[in-house]
Amino acid sequence: MDAGLERALDLVEEASERAYPKPTVGALVVTAEGDTVGEGATEAGPRGRHAERVALDEAGERSRGATLFVTMEPCAHHGSTPPCVDAVLEAQIARVVVCQLDPNPKVEGGGLDKLRAAGVEVELVDGELGLRARRQLEAWRTWVTKGRPFVVYKVAVTLDGRTTMPGSRWISGKESRRFVHELRAASDAVAVGMGTVRSDNPRLDARDVPTPRGQPRRIAFGRGPLPAGSELELRSGPLEDELDALGADGVQSLLLEGGPTLAAAFFERDLVDKVLVFQAPRLSGEGQGMVAELPGPIELTRLEAERVGDDVLLTAYVHEP
Ligand SMILES: NC(=O)c1ccc[n+]([C@@H]2O[C@H](COP(=O)([O-])OP(=O)(O)OC[C@H]3O[C@@H](n4cnc5c(N)ncnc54)[C@H](OP(=O)(O)O)[C@@H]3O)[C@@H](O)[C@H]2O)c1
């Protein structure tokens, strides 16, 4: 059973296009004999099929009596496409195994309940597979449940925890900086505070990496003014209101690139979901840490470390998906 869900989760990671604004889900149909007869991920575009339909269409008649593995509960509502639950019932699937429920409060969930009521065996597998499924959709889950983007605070620090290095524009190495350009390309918006704009005047675009989704929106929080020629978008309202407005505009993920004063304001309002810290093998001896004053300590979870060039990337959650 885990193998079926693992394959469905792999399909999400292998999907060539993001199904935005829909979440990318993976599904596969496996017969009682153990043969995979259909698989797929959510298709992009307003008429793009949900993963369940892609897998069921491929399986055709062979769906009868088979098991459908899917990374999120099938929808029971009419969205841009008809309900997947209907397709599952029409295909006479015997068993549906999922690893996360649909968190969208705006639609009547209950896909599993409807299937169960219709006599389909249903199973929700949580644990590590559930976590992997929720992490794949962490931005979308935050956006549909909170109405604001998922906020990732990304910062580079020296080994003595400083965010500036005398006489140097960069703290982290070139591999980390390339990775940051990939993160920008994968985010709906990138932002800094006006303090960083005044000292560094960053462009915040994704450079020298593929940008299949185009450039992210590039934002400066603060009163301004922006320097002449800056292409950033100035947002001067209260942070909560600005994030809600970005969410309403369809911004599902925001990469917050500092600096420490703005980061502290985000933490104080509980608006940071995940932290990425690139730690470089250098000592600065002066300058601010990654957050200015906080009103109190904050516990993070699921700390992970990976090597990026000469640096170490530390990842942790403030709000687990
Ligand atoms: N190592 C790194 O990864 C990294 C990343 C970024 C920056 N930095 C460094 O950090 C330094 C700049 O950091 P910083 O802390 O001085 O500035 P900052 O955090 O970039 O910006 C602070 C500004 O944010 C604006 N802001 C908007 N809403 C706010 C709120 N609710 N509370 C507080 N401020 C709000 C204000 O702009 P207004 O004054 O216009 O209202 C404030 O002055 C630079 O030296 C830069 O090189 C390092």
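By class, the shell around the ligand in this predicted model is made up of twelve polar, nine nonpolar and five charged residues. Here Ala, Val, Leu, Ile, Met, Phe, Trp, Tyr, Cys and Pro count as nonpolar, Asp, Glu, Lys and Arg as charged, and the others, Gly among them, as polar. A residue belongs near the ligand if one of its heavy atoms lies within 4 Å of it. Of the 26 residues around the ligand, those that come nearest are Ala156, Thr196, Arg198, Arg223 and Thr261.

Several polar contacts (pairs of N or O atoms within 3.5 Å) can be followed by eye. A side-chain N or O atom of Asp200 sits 2.8 Å from an oxygen atom of the ligand, and a polar backbone atom of Gly195 is 2.9 Å from a ligand oxygen. For Gln288, the distance from a polar side-chain atom to an oxygen atom of the ligand is 3.4 Å. On its own, the ligand has 930 Å² of accessible area, and the protein covers 77% of this; such areas come from the Shrake-Rupley method with a 1.4 Å probe. Two or more residues of the shell are given by each of β6 (150–158), α8 (194–200) and α10 (260–268). Helix α8 supplies the largest share, six residues. Helices (H or I, at least four residues) and strands (E, at least two) are DSSP runs, numbered from the N terminus.

How many disulfides does a search of the whole structure find? The search finds zero. A disulfide is a covalent bond between the sulfur atoms of two cysteines, and the search asks for a pair of cysteine sulfur atoms within 2.5 Å. Cys84 forms no such bond because the closest cysteine sulfur, in Cys75, is 3.8 Å from its own, too far for a bond. Cys84 is also buried (under 20% relative accessible area, 1.4 Å probe, protein chains only), at 0%. Cys99 is in no disulfide either, with the nearest cysteine sulfur, that of Cys84, 15 Å away. Cys99 is buried too, at a relative accessible area of 1%.

Pro227 is found in the loop between β8 (217–221) and β9 (233–235). With a relative accessible area of 28%, Pro227 is partly exposed, a class that runs between the buried limit of 20% and the exposed limit of 50%. Leaving aside residues up to four places away in sequence, Pro227 touches Val197 and Asn201, where contact means heavy atoms within 4.5 Å. Val197 is 30 residues from Pro227 in sequence, yet their C-alpha atoms are 7.9 Å apart in space.

Residues are numbered from 1 along each chain as its sequence is written, and side-chain values use heavy atoms, leaving out hydrogens and water. Because the model is predicted, local features need pLDDT of at least 70 and side-chain atom pairs count only at pLDDT 80 or more, while totals for chains, interfaces and linings use all residues.

Conventions: A polar contact is a pair of N or O atoms within 3.5 Å; within protein, one must be able to donate a hydrogen and the other to accept it, and residues adjacent in sequence count only if both atoms are side-chain atoms.
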